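Please examine the structure shown below. The paragraphs that follow lead through its surface and its charged pairs.

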Amino acid sequence: NFRQEVPDGDDFDIILQGSAVTTPNPELHSTSWYDSVMWTTQDQKQRKIAIHFVKHDEMLQQPEDTLLMIEGGTLKEVWKLTKRFKCVIPVRSTEDDLELLDLSAPFLFQGNMKYYGCKQCSTPKPIKSLSSIAAEQRPSWEPTEIAQVLGIEPLQYVFIMKFTLVDGTGALNAYLFDY
C-alpha cells in the first residue's frame with residue numbers, strides 16, 4: 001500500500017553512471033555459477049564494463065534463455081543486451097561480492113519490461129542467491145522467482161487519472177486509481 005514514482009530513462013541513466021564510477025572488481029569474475037567478460041569502451045571515458053553470464057549445469061545457455069548481469073554499462077548498452085538475452089540485471093562490485101543497484105532503479109530487465117522493487121519492504125539478499133535458480137533442472141528466470149530469491153518485493157504498476165468535472169454549479173475533482 002505504497003505509491004512510488006519510478007525513474008524515467010534519464011534518472012536511471014544517472015544511477016547507472018554513478019555505479020560505473022567504480023571499476024569492476026576482477027576478483028569477482030568467473031565463479032562456479034557465472035562466467036565473466038570484461039572490456040574497455042573506445043570512447044573518451046574508457047569505461048570498464050563487465051558482463052557476467054549465469055551458467056546452468058556449468059554450461060552457458062542459449063542467449064534467449066540466459067540471465068546476465070552487467071557492471072558499468074549505460075542505459076543504451078542495457079537496452080541492447082535486453083534485445084538478445086532473456087534477462088539483464090544491473091549490478092556493481094563491492095569488495096567481496098556483486099550487489100544490486102539502488103532499488104530506485106529497475107532490478108531486472110526482460111525484453112522491453114523493467115521490474116522495480118519496493119525500497120521500504122524489500123530486504124535485498126546477495127547476488128549469489130541467484131545460484132540456487134541456476135542449479136535447478138530447468139531454470140525459468142521468471143521475474144517473480146528472481147525477485148523472491150533476491151529478497152525483493154516487486155512493485156506493481158498502477159495508473160492514476162484525475163478528472164475535473166465541471167457543470168453550472170461548480171467543479172469536482174475525481175480520481176481513478178487501479179491496477
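Which element gives the most to the nonpolar patch? In this predicted model, the answer is strand β8, with 4 residues. The patch lies on the surface and is formed by Phe159, Met161, Phe163, Leu165, Leu172 and Leu176, which together have about 540 Å² of accessible area. Two elements, β8 (159-167) and β9 (170-178), give two or more residues to it. Leu165 may serve as an example from this patch. This leucine is found in strand β8 and is partly exposed, since its relative accessible area is 47%. That value satisfies the requirement for patch residues, which must have over 30% relative accessible area.

The charged side chains come next. Side chains of opposite charge can pair when their charged atoms come close. The structure holds 4 salt bridges, and three pairs are described here in turn.

One of them joins Asp35 and Lys55, whose closest N and O atoms are 3.4 Å apart. This pair links distant parts of the chain, 20 residues apart: Asp35 belongs to strand β1 (residues 34-40), whereas Lys55 lies in the loop between β2 (48-54) and β3 (67-71). Are the two partners buried or exposed, or do they fall in between? Asp35 has a relative accessibility of 27% and therefore counts as partly exposed. Lys55, in contrast, is buried, because its relative accessible area is 12%, and buried means under 20%.

A further salt bridge is formed by the side chains of Arg92 and Glu99, with a distance of 2.8 Å from N to O. Arg92 counts as partly exposed at 27% relative accessibility, and Glu99 likewise counts as partly exposed, at 31%.

Asp97 and Lys128 also meet through their side chains in a salt bridge, at 3.9 Å from N to O. Asp97 lies in the loop between β4 (87-93) and β5 (98-100), and Lys128 in the loop between β7 (113-115) and α3 (131-134), so this pair ties together parts that are 31 residues apart in sequence. Asp97 counts as buried, because its relative accessibility is 17% and the limit for buried residues is under 20%. Lys128 counts as partly exposed at 47% relative accessibility.

To review these charged pairs, Lys55 is buried while its partner Asp35 counts as partly exposed. In the pair of Asp97 and Lys128, Asp97 counts as buried and Lys128 as partly exposed.

How values were computed. Residues numbered from 1 in each chain as written. Predicted model: local features only at pLDDT ≥ 70, side-chain atom pairs only at ≥ 80, totals over all residues. Heavy atoms only, no water. Patch = residues over 30% accessible without salt bridge, like charges linked within 9 Å, V, L, I, M, F, W, Y side chains within 5 Å. Areas by Shrake-Rupley, 256 points an atom, 1.4 Å probe, with all protein chains shown as cover. Buried < 20%, exposed > 50% of the residue type's maximum accessible area, 1.4 Å probe, protein only.
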